[in-house]
Amino acid sequence: SPTKAVYNARHWNQPESEALPAPPVLKTPSVPVRLSSKEAIHKDDGVFKAPAPPPKVIKTVTIPTQPYQEIVTALKCRKEDKELYTVVQHVKHFNDVVEFGENQEFTDDIEYLLSGLKSNQPLNTRCLSVISLATKCAMPSFRMHLRAHGMVAMVFKTLDDSQHHQNLSLCTAALMYILSRDRLNMDLDRASLDLMIRLLELEQDASSAKLLNEKDMNKIKEKIRRLCETVHNKHLDLENITTGHLAMETLLSLTSKRAGDWFKEELRLLGGLDHIVDKVKECVDHLSSDESEEKLVASLWGAERCLRVLESVTVHNPENQSYLIAYKDSQLIVSSAKALQHCEELIQRYNRAEDSICLPDNKPLPHQNVTNHVGKAVEDCMRAIIGVLLNLTNDNEWGSTKTGEQDGLIGTAMNCVLQVPKFLPQEQRFDIRVLGLGLLINLVEYSARNRHCLVNMETSCSFDSFCTGEGDDSLKITGQIDAVQALVQLFLERERAAQLAESQTDELIKEAPTAQHDKSGEWQETSGEIQWVSTEKSDSTEEKDKKEEDDEELDLNKALQHAGKHMEDCIVASYTALLLGCLCQESPINVTTVREYLPEGDFSIMTEMLKKFLSFMNLTCAVGTTGQKSISRVIEYLEHC
């Protein structure tokens, strides 16, 4: 720690009489020259001179508390009217002094606030300390200090009994919400997560709570409301400031990446998954009622955020998958199936599709003059639903069977592949189609019941089947057709489009301009030397060069567009071929059904596409994953058909 400052008397406070008179100078008569004191001391001839008199006044200048680049202690003496200073070395730099001050300020603040959080303090004092701490945590610099010193767990450990007091639990939930606003790790431990789950379980009914001063509670809510307005609060209902609402928003803002690998396990063991699944059911129930657009968007966003957390905790986690499938007789699967069907209806009412798309008979799309955010909320919710169902059905026969048992789910998944994309913007159609195909693959891969259901289903052909313009007229089929026929038709169209895009890209590459001769100058021989002489460019030449550059950039963009379209067509065709291959497994009848709609009844066109897709996955994914094994198994089965 730095040396404490000591007060020294100033020279102007002391009388002049205290100054000692200078002693007389002694010198030998034999030496007429006056030597300095330093020279006289080192002489061997006996000549000496008294040392210089002490300064008249010696004073120490005390440095004030303001930061300086270096601390200077000045010894000022009056000698020939000059001031002498002595510089003290090895002092702290300005930045070090500032950092020390900030750390000391943080330490003082946190010690003071922690002393007010202890259980032996009055309840009002504890609530005020929590609100004060939350106010400071709204500043990123204070949150950084709090994490750096590992104080988050200590704070929540001190507030472990907060669920027994309604107002203290509300303040604690507000503190958790403020800390969760940061994108960095919240530094949760098991005890803190346990406290968060307990706050979720609190009853919000005022009659069941302890008697409190309503005026004090309203003051606390108003302080929390003003505090939450200073941070990112997109999904927070400021008119519904309750303990459960704040705790749920905090939990939904966390993911397994932010909270650590242990988060998936502890969230299930402590009962957090139960509350999230119940929240999904509550939001889905609101979708069925006729509400205003604001409430509809709030329900869609609430369900989507809960499903995103569930999607993250079920990735490569069979324990959580099995738990969610079994929880309350597959409540999550039932709610997800209902939500997906509601979204299919809502997307037609609040579609964001472009006006000019290819449809049979040139029928216009039903378009409602509604705000754009409603349609976007529906699209986001659909992707989140399918994402959760994909995790629950991946390599899981139990999950596939339970999901396929839901009334109309397989038909809804087929519509996501064939019909729903026409109600989406152009850039969103590929995503929803691939998600729908992936869900259908998971449903039929290990479930004979789902395979039988899909083969016997009737559906409409894909909405963009008439967009090819070229090709065999036999592909143009209208009305209700077999689901297998619709899938084969989709595969053939995407495979043909991929070949066309590939050939066009090859032509663009062949037509690429060759390196042209540099016309900015020429080599000339002058005086026996060869020199490069530049030529002046005319305006027409510059315009021509600029036009050539623009043409080259246009050709590059065109090639990239063709490559992107080729990739999308290849992936859709590969997924469709994999789905048809899964339908053929262990079912000769299904093999015969699929063969009827293939050109010449040959599976080679499907196996070639799957081999290309497998090679692509080997380059981009880890070797030996379950997806690659499934593709290899289907290829081997189709080659023996």
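Q: What covers the buried residues of H15?
A: First, a caution: this is a predicted model. The cover of the buried H15 residues includes helix H12 (272-287), helix H13 (293-314) and helix H14 (318-326). It also includes helix H16 (372-393), helix H17 (397-404) and helix H18 (409-418).

Q: Which residues of H15 are buried?
A: Start from the helical repeat. An α-helix has 3.6 residues a turn, so residues three or four places apart point the same way. Now the case here. The buried set of H15 includes Leu332, Ser335, Ser336, Ala339, Leu340, Cys343, Leu346 and Ile347. Gln331, Ile333, Ala337 and Glu344 are buried too.

Q: How many residues does H15 have, and what is its reach from first C-alpha to last?
A: H15 covers residues 331-349, which is 19 residues. Its end-to-end C-alpha reach is 27 Å. The expected value at 1.5 Å a residue is 27 Å, and the reach is close to that.

Q: Why does the span of H12 agree with its residue count?
A: Apply the 1.5 Å rise. The 16 residues of H12 should span 22 Å, and the end C-alpha atoms are 24 Å apart, so the two agree.

Q: What do the buried residues of H12 pack against?
A: The partners are helix H7 (190-200), helix H9 (243-252), helix H11 (262-269), H13, H14 and H15. The buried residues of H12 include Leu273, Ile276, Val277, Val280, Val284 and Leu287. Asp274 and His275 are also among them.

Q: Why are H13 and H14 called oblique to each other?
A: Read the crossing angle. Angles over 145 degrees would count as roughly antiparallel, and 65 to 115 as roughly perpendicular. The axes of H13 and H14 cross at roughly 135°. That angle falls in neither range, so the pair is oblique. The two axes come within 8 Å.

Q: Which residues meet where H13 contacts H14?
A: H13 supplies Leu310, Val313 and Thr314. H14 supplies Asn320, Gln321 and Leu324. By class, this contact has three nonpolar, three polar and no charged residues.

Q: Which residues touch the most other members of the largest nonpolar core?
A: The general idea comes first. In soluble globular proteins, nonpolar side chains tend to be buried together. Here the largest nonpolar core has 148 residues, and Leu175 and Leu310 touch the most other members. H16 gives the largest share of this core, 12 residues.

Q: Which residues does Leu175 touch, leaving out those up to four places away in sequence?
A: Leu175 touches Val130, Leu133, Ala134 and Cys137. It also touches Val155, Phe156 and Leu159.

Q: Is Asn590 buried or exposed?
A: Compare its relative accessible area with the cut-off. Buried means under 20%. Asn590 has 8%, so it is buried. Its place is in helix H23 (residues 588-597). Beyond four places in sequence, Asn590 touches Val455, Leu583 and Cys584.

Q: Where are Lys328 and Asp395, two residues with positive phi?
A: Both are in loops. Lys328 lies between H14 and H15, and its phi is near 50°. Asp395 is between H16 and H17, with a phi of about 50°. Neither Lys328 nor Asp395 is a glycine. Asp395 has a relative accessible area of 34%, so it is partly exposed.

Q: How many helices and strands does the protein chain have?
A: The chain has 25 helices and six strands. Of its 641 residues, 41% count as buried. Take contacts between residues at least 6 apart in sequence: 71% of them join residues at least 24 apart.

Key:
Residues numbered from 1 in each chain as written. Predicted model: local features only at pLDDT ≥ 70, side-chain atom pairs only at ≥ 80, totals over all residues. Heavy atoms only, no water. Helix = DSSP H or I, 4+ residues; strand = E, 2+ residues; numbered from the N terminus. Buried < 20%, exposed > 50% of the residue type's maximum accessible area, 1.4 Å probe, protein only. Contact = heavy atoms within 4.5 Å. Expected span 1.5 Å × (residues − 1). Axes fitted to C-alpha atoms, helices over the stretch in contact; angles between N-to-C directions. Parallel < 35°, antiparallel > 145°, perpendicular 65-115°, else oblique. Nonpolar A, V, L, I, M, F, W, Y, C, P; charged D, E, K, R; others polar. Core = buried A, V, L, I, M, F, W, Y, C linked by side-chain atoms within 4.5 Å.
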